[in-house]
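Let's take a walk through this model together, going from one helix to the residues that a database record picks out. Keep the viewer open as you read.

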Amino acid sequence: MATVRDIRAKAGEEPITMATAYDAPAAEVLEATGVDMTLVGDSLGNTTLGYETTLSVTVEDMARHVGAVVRSSEDLLVVADMPFLSVGVSTEESVRNAGRMLKEEGADAVKLESGPHTVELTERLVELGIPVMAHLGLTPQRVNEYGGYPRQGTDLEGAEEILELAKAHEAAGAFSLVLEHVPSNLASAVTEALEIPTIGIGAGPDCDGQVLVFHDIVGLSERSPPFAKQYGDVRERMAEAMAAYVEEVESGDFPGAEHSHETEDLGDLDDLY
Ligand code: KIV
Ligand code: NA
């Protein structure tokens with residue numbers, strides 16, 4: 001089974017593949033595909049739980065879905081995303097919430113939306129045996145501070161800050177780093193500067209790996225960010241299947257004889273009246 005060490009070792013050698021998953025069918029599809037690792041992202045909120053942003057996603061929500069993905073795969077490497085305010089309030093609470101994903105749900109690592117405030121916490125978690133994936137650039141839990149989802153690192157000051165924070169998280173022991181919605185040349189520079197793998201999303205082709213949201217890949221999202229590529233049209237296929245079912249019930253074609261059964265054992269049911 002792949003471990004965070006295998007992921008680290010792949011940096012600069014072979015492209016690393018990652019996609020999100022939130023439930024059993026997605027975990028099964030990912031495992032069958034041979035993807036390197038999966039992220040149970042807090043994008044759970046948008047993709048699955050009907051929220052506009054990720055802010056409402058709770059530790060309970062994440063734990064439930066991390067558990068589902070872990071139970072539904074044999075040896076997929078599962079990274080649990082830590083939702084808004086589940087880390088950062090206090091070290092004790094952060095460690096308990098992150099630890100729970102491994103201890104109770106069977107995740108292999110956690111991901112933290114990172115910043116100056118997560119350097120020490122990353123060190124502490126790694127020290128305790130909780131592997132950490134860092135996440136810099138656009139960190140969607142800051143949507144209210146940003147006023148939207150703008151690209152990050154687009155001026156020299158912003159780019160330098162991301163590079164410095166990337167190095168600080170590597171030094172703190174993170175095993176990899178997600179870079180979201182930053183210019184390709186910045187992602188390239190960060191990838192060059194680090195030994196741990198960078199996993200890009202909207203960060204150009206030079207990262208060590210790529211991650212996308214499951215629903216964006218298969219075409220299940222209502223809308224996708226501009227940097228996502230859609231490889232399937234599952235939403236349309238689901239709608240077609242559902243429409244066919246409704247039509248056959250309405251027309252009386254379903255259920256037919258092959259989906260029904262009669263038995264002689266009931267004798268003459270007229271006796272029941
Ligand atoms: O929650 C998520 O899906 C993520 C990835 C897009 C990196 O954080
Ligand atoms: Na996330």
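Gly34 comes just after helix H2 and has a positive phi, near 80°. Bear in mind as you look at such details that this is a predicted model.

Now step back into the helix itself. H2 spans residues 24-33, and its buried residues are Ala26, Ala27 and Leu30. Viewed down the axis of H2, these buried residues fall within an arc of 100°, so they line one face of the helix. The spacing makes sense if you recall that an α-helix has 3.6 residues a turn, so residues three or four places apart point the same way. Turn to the other side of H2 and you find Pro25 and Ala32, which are exposed. What do the buried residues of H2 pack against? Their partners are strand E1 (16-20), strand E2, helix H4 (59-71) and helix H10 (214-218).

Helix H9 can be read in a similar spirit. In this helix, residues 184-193, the buried positions are Leu186, Ala187, Val190 and Thr191. They cover an arc of only 135° around the axis, which means that they sit on the same side of H9. Asn185 and Glu192, on the other side of H9, are exposed. The cover over the buried residues of H9 includes helix H8 (156-171), strand E6 (176-180) and strand E7 (198-201).

Strand E6 also leads us to an annotated residue. Glu180 has its place in E6, and an unreviewed UniProt entry lists Glu180 under "active site". Is Glu180 buried or exposed? It has 23 C-beta neighbours inside 10 Å, and the threshold for burial is 20 or more, so Glu180 counts as buried. Leaving aside neighbours within four places in sequence, Glu180 is in contact with His135, Gly137, Leu138, Ile201, Gly202 and Ala203.

The same kind of record offers further positions to visit. For "binding site", the unreviewed UniProt entry lists Asp42, Asp81 and Glu113. These residues are spread over 72 residues of sequence, yet they cluster in space, with a largest C-alpha distance of 10.4 Å. Another "binding site" listing in the unreviewed entry gives Asp42, Ser43, Asp81 and Lys111. Here the spread is 70 residues of sequence, and again the residues cluster in space, the largest C-alpha distance being 12.5 Å.

Let's look at some of these residues one by one. Asp42 is found in the loop between strand E2 (37-40) and helix H3 (44-47). Asp42 is buried because 30 other C-beta atoms lie within 10 Å. Not counting its neighbours within four places in sequence, Asp42 is in contact with Thr54, Val57, Met62, Asp81 and Pro83. One of these contacts, Asp81, is itself on the "binding site" list with Asp42.

Ser43 also lies in the loop between E2 and H3. With 22 C-beta neighbours inside 10 Å, Ser43 counts as buried. Beyond residues up to four places away in sequence, Ser43 touches Thr20, Thr54 and Val213. Thr54 is thus named among the contacts of both Asp42 and Ser43.

Glu113 belongs to strand E4, residues 109-113. Glu113 is buried, since 24 other C-beta atoms lie within 10 Å. Its contacts, with neighbours within four places in sequence left aside, are His135, Thr139 and Gln141. His135 is a contact of Glu113 and also of Glu180.

Several of these threads meet at the ligand. Which residues are around ligand 1? They are Thr20, Leu39, Gly41, Asp42, Ser43, Asp81, Val178, Glu180, Ile201, Val211 and Val213. By class, this shell around ligand 1 holds five nonpolar, three polar and three charged residues. Among the shell residues are Asp42, Ser43 and Asp81, which the record lists for "binding site", and Glu180, which it lists for "active site".

Finally, zoom out to the whole protein. It is divided into domain 1 (4-232) and domain 2 (237-272). Taken over C-alpha atoms, the centres of domain 1 and domain 2 are separated by 46 Å.

Terms used: Residues are numbered from 1 along each chain as its sequence is written. Chains are lettered from A and ligands numbered from 1 in the order in which they are written. This is a predicted model: local features need pLDDT of at least 70, side-chain atom pairs count only at pLDDT 80 or more; totals for chains, interfaces and linings use all residues. A residue is near a molecule or strand if its C-beta atom, placed from the backbone, lies within 6 Å of it. Ala, Val, Leu, Ile, Met, Phe, Trp, Tyr, Cys and Pro count as nonpolar, Asp, Glu, Lys and Arg as charged, and the others, Gly among them, as polar. Domain bounds come from an automatic or database domain assignment. UniProt positions are given in the numbering used here, feature names are shortened, and annotations may be inferred rather than shown by experiment. Helices (H or I, at least four residues) and strands (E, at least two) are DSSP runs, numbered from the N terminus. A residue is buried if 20 or more other C-beta atoms lie within 10 Å of its own, exposed if 12 or fewer, and partly exposed in between; C-beta atoms are placed from the backbone. Two residues are in contact if their C-beta atoms, placed from the backbone, lie within 7 Å. The arc is that of the directions from the helix axis to the C-beta atoms.
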